[in-house]
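Work through the exercises below with the model open. Each task is followed by a solution in steps.

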Amino acid sequence: MIRIAAVGDVHLDEDVVGRFRPALEELPDCADVLLLAGDLTRHGTENEARCVAEEFGGLGVPVLTVLGNHDHQCDQVPQVVKVLEDAGITVLEGNGVVLDFGGHRLGVAGVKGFGGGFAGRCASDFGEPEMKAFVRTTTDSADRLGEALRGLECDVLVALTHYAPVPDTLAGEPLEIYPFLGSYQLGQAIDSAPTALALHGHAHAGSERGTTPGGVRVRNVAHPVIKQAYSIFHLGNHTD
């Protein structure tokens with residue numbers, strides 16, 4: 001059994017450093033790895049990234065993350081990524097890693113993802129260049145996620161995104177903003193591989209549980225949804 005801790009949308013800045021650390025110090029006793037589902041910072045500055053590094057670095061378990069939309073706000077993504085990686089946090093974007101826990105191989109593939117909407121109510125690659133660019137951003141992200149998932153040789157496979165791959169976990173958000181919270185293409189990418197679990201954030205007023213059309217469990221681990229430092233998922237059985 002592999003134990004996965006996960007949380008997203010912690011939106012760290014100097015005034016909240018230390019909020020999660022007491023619970024994080026207990027991670028080695030209850031989890032093998034920590035996955036962060038983006039929106040680590042408030043505005044995506046290098047200084048805020050240092051706060052994330054202080055909070056989530058040196059935990060005694062591997063920490064993997066994707067970035068979120070807030071982490072892109074100030075156009076300092078390279079600086080943010082460097083600070084995180086210097087602290088030992090692996091940043092995924094269209095790639096994946098395999099971790100070995102006592103002979104059990106966990107594969108994690110991640111992308112930030114993007115919006116676009118869901119089947120029957122989604123944007124299409126048609127019309128103005130701006131609309132085509134919007135949809136192609138989503139398609140490219142989903143394609144990279146699918147390729148990364150299918151390319152991992154492991155026993156248990158997990159998809160990590162910021163944007164939602166299904167509408168189920170958006171329940172509670174206004175319907176009008178669903179297209180800006182996720183896209184069905186991410187769900188298709190997840191279903192293109194033998195994925196055991198998909199984790200995302202972004203939807204602060206959403207719901208925790210969902211399922212892809214192919215039957216993959218989806219969990220919204222945004223901190224405002226789970227209301228705790230992290231949730232724990234046990235893979236190798238059907239409990240979480």
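## Exercise 1: the two sides of a helix

On the face of H4 turned away from its buried side sit the exposed residues Pro 78, Lys 82 and Asp 86. Exposed means over 50% relative accessible area, buried under 20%, and partly exposed in between (1.4 Å probe, protein chains only). Helices (H or I, at least four residues) and strands (E, at least two) are DSSP runs, numbered from the N terminus. This is a predicted model: local features need pLDDT of at least 70, side-chain atom pairs count only at pLDDT 80 or more, and totals for chains, interfaces and linings use all residues. Residues are numbered from 1 along each chain as its sequence is written, and side-chain values use heavy atoms, with hydrogens and water left out.

Task: find which residues of H4 are buried and what they pack against.

Step 1. Helix H4 spans residues 77-86, and its Val 80, Val 81, Val 83 and Leu 84 are buried.

Step 2. These four cover an arc of only 160° around the axis, so they lie on the same side of H4. The arc is that of the directions from the helix axis to the C-beta atoms.

Step 3. The buried residues of H4 pack against H3, strand E3 (63-66) and strand E4 (89-91). Contact means heavy atoms within 4.5 Å.

Step 4. Gly 88 follows H4 and has a positive phi, near 85°.

## Exercise 2: aromatic pairs

Task: count the aromatic pairs and classify the one between Phe 20 and Phe 56.

Step 1. Rings of Phe, Tyr and Trp (its six-membered ring) pair if their centres lie within 6.5 Å; planes under 30 degrees apart count as stacked, over 60 as edge-to-face and the rest as tilted. By this rule there are 3 aromatic pairs.

Step 2. The ring centres of Phe 20 and Phe 56 are 6.2 Å apart and the planes meet at 35°, so this pair is tilted.

Step 3. Phe 20 is in the loop between strand E1 (2-7) and helix H1 (21-24), and Phe 56 is in helix H3 (residues 46-56), so the pair ties together parts 36 residues apart in sequence.

Step 4. Phe 20 has 3% relative accessibility and counts as buried. Phe 56, at 1%, also counts as buried.

## Exercise 3: a ring cluster

Task: describe the pair of Phe 114 and Phe 134, then place it in its cluster.

Step 1. Phe 114 and Phe 134 form a tilted pair, 5.1 Å centre to centre with 55° between the planes.

Step 2. Phe 114 is partly exposed at 21% relative accessibility, and Phe 134 is partly exposed at 22%.

Step 3. Ring pairs link Phe 114, Phe 134 and Tyr 163 into a cluster.
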